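Please open the model in the viewer and keep the sequence panel in view. The tour proceeds by selection, and each stop states what to select and what is found there.

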Amino acid sequence: MTLVWGIIASFLYVEIFVVLLLVLPLRSPQQWHRFFKSRFLAMLSRQAQTYFYLLLAVLVLFLLEAIREMRKYSSNDHTHTETHLNVEMQHSMRLFRAQRNFYISGFAIFLSLVIRRLVSLISGQAVLLAQAEASMKQAQSATSAARTLMSQQKDGDKKADAKDKPAGGDAPNAEELKKKVTELEQELAKERKDKEAMKSQSESLNREYDRLTEEYSKLQKKITISSADKSD
């Protein structure tokens, strides 16, 4: 294996390690989100998209080169049937190297896209979880405020009945309290709807995350099969 393909293979191994870190439940989505938003990664993210597309273009070039080599040695496969055995073995070895380079560059491109998608999914899930938590706290505070107003209204009614005062003087206060309670109940219902919407979005993100995990498992099986073929 040449130096260039050795670097690409090392990059593929690093990608596999990163995908394992992102897929395995070692850290919560909030922790990953804070890591992605750190100062160091924020400095790199300014040029990250440019570097990503540049790296992708380089990998695509090496993939095309591997495909060209495969077609070259596959087309000449029948021309050495009656030549020396050593020449035929060299031809088979070059074809095997071209196929190996094809798998290395192809898997490197695929894992690059998978890592980018996983990072976006984890960040989106962390934001949705934070919004759901904030909405839950706001709904709980609105509920407690509504209960407090209801208890104050009941206490006021009891005092009014005990003093045997006309209901006309307290009517505006009671109407105002009822109006506030209605507004708070409407706000609580709105927060619950927002929470349900965020929950559905989070479930869709989890389904997408599971789909990528399944694709990664299939990719691992292909790599294992390819490694077994190389060892043979």
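A salt bridge is here a side-chain nitrogen of Lys or Arg within 4 Å of a carboxyl oxygen of Asp or Glu. With that criterion, a search of the whole structure returns two salt bridges. The model is a predicted one, and every value in this tour is computed from it.

**Stop 1: the whole chain**

Begin with a cartoon view of the protein chain. How many helices and strands are there in the protein chain? There are five helices and zero strands, and from the N terminus on the order of elements reads α-α-α-α-α. Next, switch on a surface for the protein chain. The exposed area comes to about 16300 Å², of which carbon and sulfur atoms supply 59%. Of the 232 residues in the protein chain, 27% count as buried. A contact map gives a further view: among contacts between residues at least 6 apart in sequence, 88% join residues at least 24 apart.

**Stop 2: the salt bridges of helix H3**

Select Arg68 and Glu65, and show their side chains as sticks. The two side chains meet in a salt bridge, with 2.7 Å from N to O. Both residues belong to helix H3, where they are three residues apart, about one turn of the helix. Add Glu69 to the selection. Arg68 forms a salt bridge with Glu69 as well, the closest N and O atoms being 2.7 Å apart. Glu65, Arg68 and Glu69 are thus joined into one network by salt bridges that share partners.

Which of these residues is buried or partly exposed? Arg68 is partly exposed, with a relative accessible area of 42%, and Glu65 is partly exposed at 33%. Glu69 counts as buried because its relative accessibility is 17%, and the cut-off for buried is under 20%.

**Stop 3: a nonpolar patch**

Select Val60, Leu61, Leu64 and Ile67, and return to the surface representation. These residues make a nonpolar surface patch of about 330 Å². Ile67 is found in helix H3, which covers residues 39–75. Ile67 is partly exposed, with a relative accessible area of 30%.

**Stop 4: aromatic rings**

Colour the rings of Phe, Tyr and Trp. Pairs are assigned where ring centres lie within 6.5 Å, and by this rule the count comes to four aromatic pairs. Phe52 and Tyr53 form one of them: the centres are 5.6 Å apart, the planes stand at 70° to each other, and the pair is edge-to-face. This label follows because planes over 60 degrees apart count as edge-to-face. Phe52 is buried, with a relative accessible area of 17%, whereas Tyr53 is partly exposed at 42%.

Then select Phe102, Tyr103 and Phe107. These residues form one aromatic cluster.

**Stop 5: Ser105**

Select Ser105, which lies in helix H4, residues 85–163. Is Ser105 buried or exposed? Ser105 counts as buried, at 0% relative accessibility. Draw a distance from the side chain of Ser105 to the backbone of Asn101: a polar atom of that side chain lies 2.9 Å from the backbone oxygen of Asn101. Which residues is Ser105 in contact with once its neighbours within four places in sequence are left aside? They are Trp5, Leu59, Phe62 and Leu63.

**Stop 6: two pairs across the sequence**

Move to Gln152, also a residue of helix H4. Gln152 is partly exposed, with a relative accessible area of 43%. Add Ala174 and draw a line between the C-alpha atoms: Gln152 and Ala174 are 22 residues apart along the chain, and these atoms are separated by 9.8 Å.

Finish with Ser204, which is found in helix H5, residues 167–231. Ser204 counts as partly exposed, at 33% relative accessibility. Select Gln125 as its partner for a last distance: Ser204 and Gln125 are 79 residues apart in sequence and 9.7 Å apart in space, C-alpha to C-alpha.

Note on methods:
Residues are numbered from 1 along each chain as its sequence is written. This is a predicted model: local features need pLDDT of at least 70, side-chain atom pairs count only at pLDDT 80 or more; totals for chains, interfaces and linings use all residues. Side-chain values use heavy atoms; hydrogens and water are left out. Patches are made of residues with over 30% relative accessible area and no salt bridge: like charges are joined within 9 Å, nonpolar side chains (Val, Leu, Ile, Met, Phe, Trp, Tyr) within 5 Å. Accessible areas come from the Shrake-Rupley method with a 1.4 Å probe; for residues, only the protein chains shown count as cover. Helices (H or I, at least four residues) and strands (E, at least two) are DSSP runs, numbered from the N terminus. Buried means under 20% relative accessible area, exposed over 50%, partly exposed in between (1.4 Å probe, protein chains only). Rings of Phe, Tyr and Trp (its six-membered ring) pair if their centres lie within 6.5 Å; planes under 30 degrees apart count as stacked, over 60 as edge-to-face and the rest as tilted. A polar contact is a pair of N or O atoms within 3.5 Å; within protein, one must be able to donate a hydrogen and the other to accept it, and residues adjacent in sequence count only if both atoms are side-chain atoms. Contact means heavy atoms within 4.5 Å.
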